[in-house]
Amino acid sequence: MRDSFFFLIRVLSHLYLLLFLLRFIMQWIRADFYNPLAQFIVRATNPLVVPARRLIPASSGIDLPTLVLLVLLEVIATWLLLYVASAPATLIQFAEFVLLRLVSLTLSLYTWTILVYVILGWISPGGYHPLTMMLAELNEPVLRPIRRLLPPISGLDLSPLLAVILIQALSLAIPLPNLLR
């Protein structure tokens with residue numbers, strides 16, 4: 001029973017946190033908020049972000065209310081996971097876990113979005129789909145510098161492969177206990 005509850009907390013918190021992370025990144029890269037996927041993310045996160053905007057102003061192009069909510073939600077999720085697992089942690093360890101889980105979530109997000117972006121590019125090259133456009137906006141800032149180092153070879157773009165390899169190497173270097181991954 002405890003394992004099932006732990007699993008539910010971990011999966012549902014990851015999914016909800018991903019929405020806030022996506023909203024923050026989309027604001028940061030100035031993504032098209034008229035995209036249907038972006039509209040879904042905005043509507044799903046608005047119940048918490050709109051009241052937070054009254055208390056916390058945005059600061060020089062950074063969506064501070066969404067970032068604060070992302071961190072607070074991660075604090076709650078990490079505390080719940082540690083509580084359910086009966087795993088004690090000092091305040092410093094807890095703060096470390098929260099920060100590392102956010103980094104891990106971001107790396108995981110980019111791994112999956114790059115993979116889906118590549119697969120959609122194979123299935124429908126040059127075709128328009130709102131998901132493809134959103135993935136392009138999210139991933140191009142990561143892939144562009146890699147393309148400068150590794151230009152396409154005979155028309156084959158290997159930058160997504162190198163990006164995923166580098167992201168996975170970074171993910172493996174994150175010192176998180178398995179129960180918090």
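Exposed, for a residue in these legends, means over 50% relative accessible area, while buried means under 20% and partly exposed lies in between. Keep those words in mind as you look at the close-ups below, all taken from a predicted model.

**View 1. Trp-79 and Tyr-83 form a stacked aromatic pair.** Tyr-83 has 57% relative accessibility, so this residue counts as exposed. Its partner Trp-79 is partly exposed, with a relative accessible area of 48%. Both residues belong to helix α3, where they sit four residues apart, about one turn of the helix. The ring centres are 5.2 Å apart and the planes meet at 15 degrees, which is why the pair is called stacked.

**View 2. Phe-24 and Trp-28 form a tilted aromatic pair.** Here the distance is 6.1 Å from centre to centre, with 40 degrees between the planes. You can find both residues in helix α1 (residues 2-29), four residues apart, about one turn of the helix. Is each partner buried or exposed? Phe-24 counts as buried at 13% relative accessibility, whereas Trp-28 counts as exposed at 57%. By the rule used here, the structure has three aromatic pairs.

**View 3. Asp-63 and Arg-53 form a salt bridge.** Now we turn to charged partners. Side chains of opposite charge can pair when their charged atoms come close. The closest N and O atoms of Asp-63 and Arg-53 are 3.1 Å apart. This pair links distant parts of the chain, 10 residues apart: Asp-63 is in the loop between α2 (36-55) and α3 (64-84), and Arg-53 is in helix α2. Asp-63 has 3% relative accessibility, so this residue counts as buried, while Arg-53 counts as partly exposed at 34%.

**View 4. Arg-101 and Glu-74 meet in a salt bridge.** The N to O distance between these side chains is 2.4 Å. Which helices does the pair link? Arg-101 lies in helix α4 (residues 91-123) and Glu-74 in helix α3, 27 residues apart along the chain. Arg-101 counts as buried at 3% relative accessibility, and Glu-74 is buried with a relative accessible area of 1%.

**View 5. Arg-147 and Glu-140 meet in a salt bridge.** Their side chains are 2.5 Å apart, N to O. Glu-140, Arg-147 and Asp-157 are joined into one network by salt bridges that share partners. Arg-147 counts as partly exposed at 24% relative accessibility, and Glu-140 counts as buried at 17%. The structure holds four salt bridges.

Terms used. Residues are numbered from 1 along each chain as its sequence is written. This is a predicted model: local features need pLDDT of at least 70, side-chain atom pairs count only at pLDDT 80 or more; totals for chains, interfaces and linings use all residues. Side-chain values use heavy atoms; hydrogens and water are left out. Helices (H or I, at least four residues) and strands (E, at least two) are DSSP runs, numbered from the N terminus. Buried means under 20% relative accessible area, exposed over 50%, partly exposed in between (1.4 Å probe, protein chains only). Rings of Phe, Tyr and Trp (its six-membered ring) pair if their centres lie within 6.5 Å; planes under 30 degrees apart count as stacked, over 60 as edge-to-face and the rest as tilted.
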